[in-house]
Amino acid sequence: MNKIKPDKIKRYAANFIVNVPIMILSLTCIFPVVWLLYSSLKTDVEFNRSPVSLPTQIHWDNYIEAFHKASFGTFTFNSFFNSVASLILVLVISFVMGYLLSRYRFKGRNLIYGALMAAMMIPIYALLVPVFIQEKQLGILNTRFSLVPIYVAMELPTAVFLIDSYIKGISVDMEDAASIDGASLPRIMFTIIMPICKPILSTIVILTFMHVWNEFAFAQVLISKEALKTIPIGLTYFTTQYSTSYTLLLAALAMATIPVIVIYLFFYNKIMEGMMAGAIKG
Amino acid sequence: MNIREMRNKKQKIGIYLLVMIPFIYFIYVMIVPLGTSVYYSLTKWKGIGEAQFVGLSNYATLLKTGDFWLVTKNTLFLSLACTIGQVGIALLIAFLMTIRRLKLKAFHRAVIFFPVVMAPIVVGYVWRFIYNSNYGLLNAFLRAIGREDWIRFWLDDQSIVLKVVSIPVIWQYIGLYMVILMSAISAIPQEVFECAEIDGATGVKKSIYITLPMVWDTLKICIILCAGGTMKIYDHLVALTNGGPGRATESLAMYSYEYTFKFGNFGMGATIAVSILVLALLISALVQILMGRRNKGE
């Protein structure tokens, strides 16, 4: 626009001031992850020589060793089991609850909805000890089903909220027509509304999977049996058992993170949308 | 509103059942433990046998314990540091993201948000590598830029360790608040900015006098989430320092865990758990009061 030189300099300076700090922040956000991935492919000798340099040759042995040494296979299976079991339960329960709470007005409806939302304000880790005591009394401590009930309850409010607000935006005409044609309520719910809700259901699946995959505190408190431990717990085990082999630990960290990276790359928008809605509703 | 009528009594019962069963389950898993933890906080209990009712004596003992005040101070410090760091930086970036000059906005958004989805425990371990005094990235970097005098034993130095561990936590969650604030900013009607521009408002002024008041409520939510959320900090610290050196980086949640599972004092563990809850509620009430008042004044 303007051809006067000082103006141009000013513009470059402004561009610089705006772009550079954010670029630096972005790089600090991505670098630790990139570093983790490439460092896990180095040998210990190489790592000790220089922790920053790129690996001279790809060295997959760390992964193989980490996988075998610390029964990482078992941990991975347990993490998958917990994630999948929780997300199936969350999906079904939250869909039915969300649908009914959204479509029907009955006594106590607002109370139930309010209680679910209010429960989100409970700092969940204050419940560590109480939940431990409860599970101990029930005798479900240290079993395959110690964690799933907690995770389902943890994820439920957000999921119900997301489904409720999504269904609010869908017209009832189709359901009314179907019900005149004689379709039952379960049939309407599962064959008409559920397919329409696919986008929001997939958001819930991803969010639940990520939360359960990453969860640490409850898994640490409620599980002490080796065969039932999850990946985050497995990582603490690594640091105590193999504290001398850094690249082994790095490979284990990378294995815990790679599924998250893959999901993030594919579903980045959904994750953001879901996390935002989940955070804001409070 | 898209609401449907219930067809008959049978359907009404069905709907009640379908809503109440999961709801009761939810109450049982999330709310009942709260009640039992209040009860156990009033007892002396070793995890087995009978719990012996002792009234408020656990609370009295706790208030007289120096360590309790130390970990409370640690937790409150982290909560404050994280609120200022996370929400402050996020707000700053959210403002910068509205500037037309900024290139690669989508890239920045995706990259800055990524740490949010990482497991806190993994973040803790990765940063432990960064801080390590022998082969850590931070010290290697300082050596490379010739500032060897800045090199520290980051995680072993009592005087700085609490500040040092707050950085990974801040780092991880900037993206979350950035995205929340960005969506609040993008919800502001464009006309508001156009009017302001006609009236001669420039970049910084526009941000302070127009954008900030309009996202005030969202900012309040962010601060409550962040301050309350950091009260329960646990994973990061376990991975980074495990509370050490001494108790210099121990948080309330870790203290509760320690009392319950290491000392086998379940009553005291529950007392600390209740304290976390009370503190978190107090903080969110405090933020509501402080920020609510200012909003009315404007």
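B:Thr83 counts as buried in this predicted model, because 23 C-beta neighbours fall inside 10 Å of this residue, and 20 or more are enough for that label. The residue sits in helix H3 of chain B, which covers residues 66–96. Once neighbours within four places in sequence are left aside, B:Thr83 is in contact with B:Ile223, B:Cys226 and B:Ala227. B:Ile276 is a useful further landmark: 193 residues separate B:Thr83 from B:Ile276 along the chain, and their C-alpha atoms are separated by 17 Å.

B:Cys226 leads on to another residue of chain B. This cysteine is also among the contacts of B:Tyr177, whose partners, again leaving aside neighbours within four places in sequence, are B:Gln86, B:Val87, B:Ala90, B:Cys222 and B:Cys226. B:Tyr177 in turn has a prominent place in the largest nonpolar core, a set of 175 residues. Together with A:Leu128, A:Ala252, A:Leu253 and B:Leu181, B:Tyr177 touches the most other members of that core. Helix H7 of chain B (residues 161–186) provides the largest share of the core, with 16 residues. The core lies between domain 1 (5–39) and domain 2 (70–280) of chain A, because both domains give residues to it. The C-alpha centres of these two domains of chain A are 36 Å apart.

Turning to the contact between the chains, chain A contributes 67 residues and chain B contributes 69 residues. On the side of chain A that touches chain B, the elements giving two or more residues include helix H1 (5–39), helix H4 (72–103), helix H10 (198–214) and helix H13 (246–280) of chain A. H7 of chain A is also one of these elements. By residue type, this side of chain A divides into 54 nonpolar, nine polar and four charged residues.

One helix pair shows the contact in finer detail. The axes of helix H7 of chain A (residues 148–168) and helix H1 of chain B (residues 9–40) come within 10 Å of each other and cross at roughly 100 degrees. H7(A) is therefore roughly perpendicular to H1(B), since angles of 65 to 115 degrees fall in that class. From H7(A), the residues A:Pro149, A:Ile150, A:Ala153 and A:Leu156 take part, and they meet B:Phe26, B:Val29 and B:Met30 in H1(B). The residues of this helix contact divide into seven nonpolar, no polar and no charged.

How values were computed:
Residues numbered from 1 in each chain as written. Chains lettered and ligands numbered in written order. Predicted model: local features only at pLDDT ≥ 70, side-chain atom pairs only at ≥ 80, totals over all residues. Axes fitted to C-alpha atoms, helices over the stretch in contact; angles between N-to-C directions. Helix = DSSP H or I, 4+ residues; strand = E, 2+ residues; numbered from the N terminus. Parallel < 35°, antiparallel > 145°, perpendicular 65-115°, else oblique. Contact = placed C-beta atoms within 7 Å. Nonpolar A, V, L, I, M, F, W, Y, C, P; charged D, E, K, R; others polar. Core = buried A, V, L, I, M, F, W, Y, C linked by C-beta atoms within 7 Å. Buried ≥ 20, exposed ≤ 12 C-beta atoms within 10 Å, placed from the backbone. Domains from an automatic or database assignment.
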